[in-house]
Amino acid sequence: MSESLQAGRHEFTAAPRRRKVTVVGAGNVGATCAELLARRDYADVVLTDIKEGLPQGKALDIDQMGAVLGYEPSVVGTNGYEETAGSDVVVITAGLPRSPGMSRDDLVATNEKIVKDVTEKVMATSPDAILIVVSNPLDAMCHVAKNVSGLAKERVFGQAGILDTARLRTFIAWETGSSVKDVSAVVLGGHGDQMVSVISATTVGGVPLRKLVSEEKIAELVERTAKGGGEVVQLLGTSAWYAPGAAAAQMVDAILLDEKRVLPCPAYLEGEYGIDGLYMGVPVKIGATGVEAIVEVDLDEPERDALRRSADAVREVVGVLST
């Protein structure tokens, strides 16, 4: 080799490893989350499920889609947890979905066992992971994951408020004939019929919603949001998956890209909003270490009362847990 070529040689160091995300549960929500994360192209994704062939087949399909859309195949499907070792974030979607006529509370006993088992297995291989819980009933399952994992409260939180807020924003955009991008809203509280739409802080293009829509119509929008999950169940015969999967992927982005996003999520409260020792949906700042701050927004008196009632409803469900 000539001296000129030798002089032009560079020493290459190994590229840093891609981050790893495990999605537990290869059903509709888990697969949607895995697909969206794969398309973002910054992390390897492991999709695990107890059903043989399901995670492998969905992972293969997502990987092959990469050749069409132009991202690097990065999804592995498995029925075990060896491949999940060293995960930075674990998204838990495992559990029974709601069926018509079933409330989220009806799912407690069965899904508690599933989330407990899953949490033990992911902690054995990824003890430093941050856990995002999607399984229902969401607020109660966050308690299960926190208690079983032994992780700090900042590293265990749930996906619910993003979804509920997305539903409210969508309904407001339709009602006002506006772009959903211009609708600013937040939904707090438990992930159920007692969720609290904070209308006092809701705007469309900076204009308070109450200047655009009547109180009667607002009440209808709030009611539809609270029952938004049930509406989808009645139409599909099972729970929603596109919006929940996208919301979970957004949370993974906020963590692995250290985005410092302020998003409504079930977080463990210790006095904030006057609530102690309970997972409740509130605005939180999410970054590389998980929940980096809990943001307290001003609520009017009816909203404060509604949040207290929501907390009571969540405590009732949490109270039946065995964990």
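These legends describe close-up views of a predicted model.

**View 1. Helices H2 and H9 pack against each other.** H2 spans residues 28-40, and H9 spans residues 242-256. The two axes lie 8 Å apart. The angle between them is about 45°. H2 and H9 are therefore oblique to each other. Their crossing is right-handed.

**View 2. Residues in the contact of H2 with H9.** H2 contributes Val29, Thr32, Cys33, Leu36, Leu37 and Arg40. From H9 come Tyr242, Pro244, Gly245, Ala246, Ala248, Ala249, Gln250, Val252 and Asp253. By class, the residues of this contact divide into 10 nonpolar, 3 polar and 2 charged. Cys33 and Pro244 count among the nonpolar residues. Gly245 falls in the polar group. The charged residues are Arg40 of H2 and Asp253 of H9.

**View 3. Phe171 and Trp174 form an aromatic pair.** The whole structure holds 3 aromatic pairs, and Phe171 with Trp174 is one of them. The ring centres lie 5.9 Å apart, with 55° between the planes. The pair counts as tilted because planes over 60 degrees apart would be edge-to-face and those under 30 stacked.

**View 4. Setting of Phe171 and Trp174 in helix H6.** H6 covers residues 161-176. Phe171 and Trp174 are 3 residues apart in this helix, so about one helical turn separates them. Phe171 has a relative accessible area of 8% and is therefore buried. Trp174, at 59% relative accessibility, counts as exposed. The pair thus joins a buried ring residue, Phe171, to an exposed one, Trp174.

Note on methods. Residues are numbered from 1 along each chain as its sequence is written. This is a predicted model: local features need pLDDT of at least 70, side-chain atom pairs count only at pLDDT 80 or more; totals for chains, interfaces and linings use all residues. Side-chain values use heavy atoms; hydrogens and water are left out. Axes are lines fitted to C-alpha atoms, for helices over the stretch in contact, and angles run from 0 to 180 degrees between N-to-C directions. Helices (H or I, at least four residues) and strands (E, at least two) are DSSP runs, numbered from the N terminus. Angles under 35 degrees count as roughly parallel, over 145 as roughly antiparallel, 65 to 115 as roughly perpendicular and the rest as oblique. A crossing is left-handed if the near helix is turned anticlockwise from the far one by less than a right angle, and right-handed if clockwise. Contact means heavy atoms within 4.5 Å. Rings of Phe, Tyr and Trp (its six-membered ring) pair if their centres lie within 6.5 Å; planes under 30 degrees apart count as stacked, over 60 as edge-to-face and the rest as tilted. Buried means under 20% relative accessible area, exposed over 50%, partly exposed in between (1.4 Å probe, protein chains only).
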